[in-house]
Amino acid sequence: MPYRAITPASKPPCSKGPVDPLKLKALSMGLSKELKVVLIKMDSAGRQTFNISELEEPRIPMSELTIVNTAAEVVRACRGERVKGKFKESYLLPSFCVKPKIAIDIPIPREKLNPPTPSIYLESKRDAFSPVLLQFCTDSKNAVTVIRGLAGSLRLNLGLFSTKSLVEANSDHAVEVRTQVQQPADENWNLNGSAQTWPCESSRSHTTIAKYAQYQASSFQESLEEEKESENEEEEEEDKTSDTLISLSPLYSPEQKTVGKIIKFGTNIDLSDPKRWKPQLQELLKLPAFMRVESSNNMLSLVGHTILGMNSVQLYMKVPGSRTPGHQENNNFCSVNINIGPGDCEWFAVHEHYWDAINKFCDKHGVDYLTGSWWPVLEDLYSSNIPVYRFIQRPGDLVWINAGTVHWVQAVGWCNNIAWNVGPLNAYQYQLALERFEWNEVKKVKSIVPMIHVSWNVARTLKITDKDTYKMIKHCLMQSMKHIQILRDQLVAAGKKIFYQSRVKDEPAYYCNECDVEVFNLLLVTSENSTKKTYVVHCEDCARAKSSSLAGVVVLEQYRMDELMKIYDSFMLVSITCKRKRK
């Protein structure tokens, strides 16, 4: 039976007279804006009847998709594309960049290469909970903020984290020990003391809180005895100054440095267990929401599982000279660090803008920027026009490391520190986290934070009021949907059956067993051990490297596509006034 199609703009013929335009309009309502057609059907008597139907809309080329497109349009565009191999578009869009513009070509005078560190002095609890504090700490221009007087203004009982309290609470708790060479904070000499260098190696071992506490106390006692001895010998040394200089000259000269004594640094002590560390963790709830280990606007609270030291508290037990080498935090997240005391810590920090220059120095000195241990030579940084913040953290001071800030720390005295990461939901933090996520993939380093998993969880659970943050997350979700749909079509075309297996509560994000890249939604699984039935997840590239036909690979889908489409379409920018009304 013949058909022909005309648009609603033209008047369709009808066997029962002219069509009422109002009826035609009513029939068209709710259908796609892009294209409506009227199907004209010739009946057996040659008369024309019609019905309005939504035919498939014209497909938008995948390269023209933007965040204004619906999920259906994104999926339809992907289905029409014949992508060969892996979909490799970035999750970031350069035009959405929110990084501050910092001029690097203009020489900075030497006296300004140690700028004053942004600091805030709190006098009351009201000051600590002021929204101004959050704005100041997360301002992209501020690499680091020292918050003085925090413990006093919030009446934090930092004694709960003292060595004595820790021993009483859990004396047998595990401590990772780093054996290091004690050196001045602004120096880093090679093993024979002939030159300053970047590599900063240490050996690793393990002990308990009780045993490290004994070492920390004995180290302090030894220092007191040495101090007394040096005072007694001071007069004698003055008389023998020339002889002493002569005797030291073979070992110590401007070209050669005496090697410092060996010290032990107690690091990465896990305080995540709420049963073992209940009083300590409850005390930290006194902090402002944006600094807490867990809060509603903290992206790390949406990971869905514990990442040790990131969305859980870690403790550090130190003697003078204990070093935390140079680094950016995992996935460029912000960090909170509180000095318990009784001694001080010295910090060095550089704005994220200069991280690649420091990365190049690491390459030059043969140490891996992401996974190696390095301590910058300050003269190298100054000669490259890189400003360095340098400051003392006293007991009770909180150091806020902003997103992406490069930093390194050395204990001045005997002290303990507690630290964790936070992910404030702003555009600067999100951009840097996603940038490092992609850079890690290039360098084949695991992203501890599964950013695609987190992005979908943010879209599912939070209302975003900041336009820049919204645009970045929406674009990431769109790119994620593209990747899933293209891979799905390729797998189906290859004859692979896809099995739906929904996620369960507290199920962790998945990573490729070979290359450590995050694997979201479509899991390519193999059984590695026939007797123990060990199932292993692979990314697309690694699965195909094992078998181009994906033989022996089972494909599991954790979210149905319509579920992701619904989340994507429901994720909208919310005005602040709307949010207030809902409350």
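Trainee: Where is leucine 522 found in this model?

Mentor: Leucine 522 sits in strand S20, which covers residues 522-529. Keep in mind that this is a predicted model.

Trainee: Is leucine 522 buried or exposed, and how do I tell?

Mentor: You go by the relative accessible area, and buried means under 20%. Leucine 522 has a value of 3%, so it is buried.

Trainee: Which residues is leucine 522 in contact with, once its neighbours within four places in sequence are left aside?

Mentor: Its contacts, with those neighbours left aside, are Ile484, Leu487, Arg488, Ile498, Val555, Leu556 and Glu557. For a distance you can check yourself, try the C-alpha atoms of leucine 522 and cysteine 539: they are 8.9 Å apart in space and 17 residues apart in sequence.

Trainee: Let me try threonine 145. Which strand is it in, and what does it contact?

Mentor: Threonine 145 belongs to strand S5, residues 144-148. Its relative accessible area is 0%, so threonine 145 is buried. Leaving aside neighbours within four places in sequence, its contacts include Pro118, Ile120, Phe136 and Trp400. Serine 119 is 26 residues away in sequence, yet its C-alpha lies 5.5 Å from that of threonine 145.

Trainee: And what about the whole protein: how much of it counts as buried?

Mentor: Out of 583 residues, 48% count as buried. The secondary structure adds up to 17 helices and 22 strands. Then look at contacts between residues at least 6 apart in sequence: 82% of these join residues at least 24 apart. As for the outside, the protein exposes about 30200 Å², with carbon and sulfur atoms supplying 53% of that.

Trainee: Now charges. Why can two side chains pair up?

Mentor: Side chains of opposite charge can pair when their charged atoms come close. Here the count comes to 16 salt bridges. One of them joins the side chains of lysine 482 and glutamate 89, at 3.1 Å from N to O. That pair links distant parts of the chain, 393 residues apart: lysine 482 is in helix H14 (residues 467-493), while glutamate 89 is in the loop between helix H2 (71-80) and strand S4 (119-121).

Trainee: Are lysine 482 and glutamate 89 buried or exposed?

Mentor: Lysine 482 is buried, because its relative accessible area is 3%. Glutamate 89 has 35%, so it counts as partly exposed.

Trainee: Which residue does arginine 110 meet in a salt bridge?

Mentor: The side chain of arginine 110 meets that of glutamate 379, at 2.7 Å from N to O. Arginine 110 lies in the loop between H2 and S4 and glutamate 379 in helix H11 (residues 378-383), so the pair ties together parts that are 269 residues apart in sequence. Arginine 110 is partly exposed at 48% relative accessibility, and glutamate 379 is partly exposed at 46%.

Trainee: What is the partner of glutamate 283?

Mentor: Glutamate 283 forms a salt bridge with lysine 286, and the closest N and O atoms are 2.6 Å apart. At 12% relative accessibility glutamate 283 counts as buried, whereas lysine 286, at 33%, counts as partly exposed. Salt bridges can also join up into a network, as Lys86, Glu441 and Asp541 do.

Trainee: Which residues form the negative surface patch?

Mentor: Glu222, Glu225, Glu226 and Glu229 form that patch. Take glutamate 226, which is in helix H7 (residues 209-239). Its relative accessibility is 44%, so glutamate 226 counts as partly exposed.

Trainee: Last topic, the backbone. Which peptide bond is cis, with omega near 5°?

Mentor: Go to the bond from glycine 341 to proline 342: that one is cis. Proline 342 is in strand S11, residues 334-342.

Trainee: And what is the phi of aspartate 506?

Mentor: Aspartate 506 has a positive phi of about 65°, although it is not a glycine. You'll find aspartate 506 in the loop between strand S17 (498-500) and strand S18 (510-511). At 56% relative accessibility, aspartate 506 counts as exposed. Aspartate 516 has a positive phi too, about 70°. Aspartate 516 is in the loop between S18 and strand S19 (518-519), and at 32% relative accessibility it counts as partly exposed.

Notes. Residues are numbered from 1 along each chain as its sequence is written. This is a predicted model: local features need pLDDT of at least 70, side-chain atom pairs count only at pLDDT 80 or more; totals for chains, interfaces and linings use all residues. Side-chain values use heavy atoms; hydrogens and water are left out. Patches are made of residues with over 30% relative accessible area and no salt bridge: like charges are joined within 9 Å, nonpolar side chains (Val, Leu, Ile, Met, Phe, Trp, Tyr) within 5 Å. Accessible areas come from the Shrake-Rupley method with a 1.4 Å probe; for residues, only the protein chains shown count as cover. A salt bridge is a side-chain nitrogen of Lys or Arg within 4 Å of a carboxyl oxygen of Asp or Glu. Lys and Arg count as positive and Asp and Glu as negative; His and the chain ends are not counted. The place of a charge is taken as NZ of Lys, CZ of Arg, CG of Asp or CD of Glu. Helices (H or I, at least four residues) and strands (E, at least two) are DSSP runs, numbered from the N terminus. Buried means under 20% relative accessible area, exposed over 50%, partly exposed in between (1.4 Å probe, protein chains only). Contact means heavy atoms within 4.5 Å.
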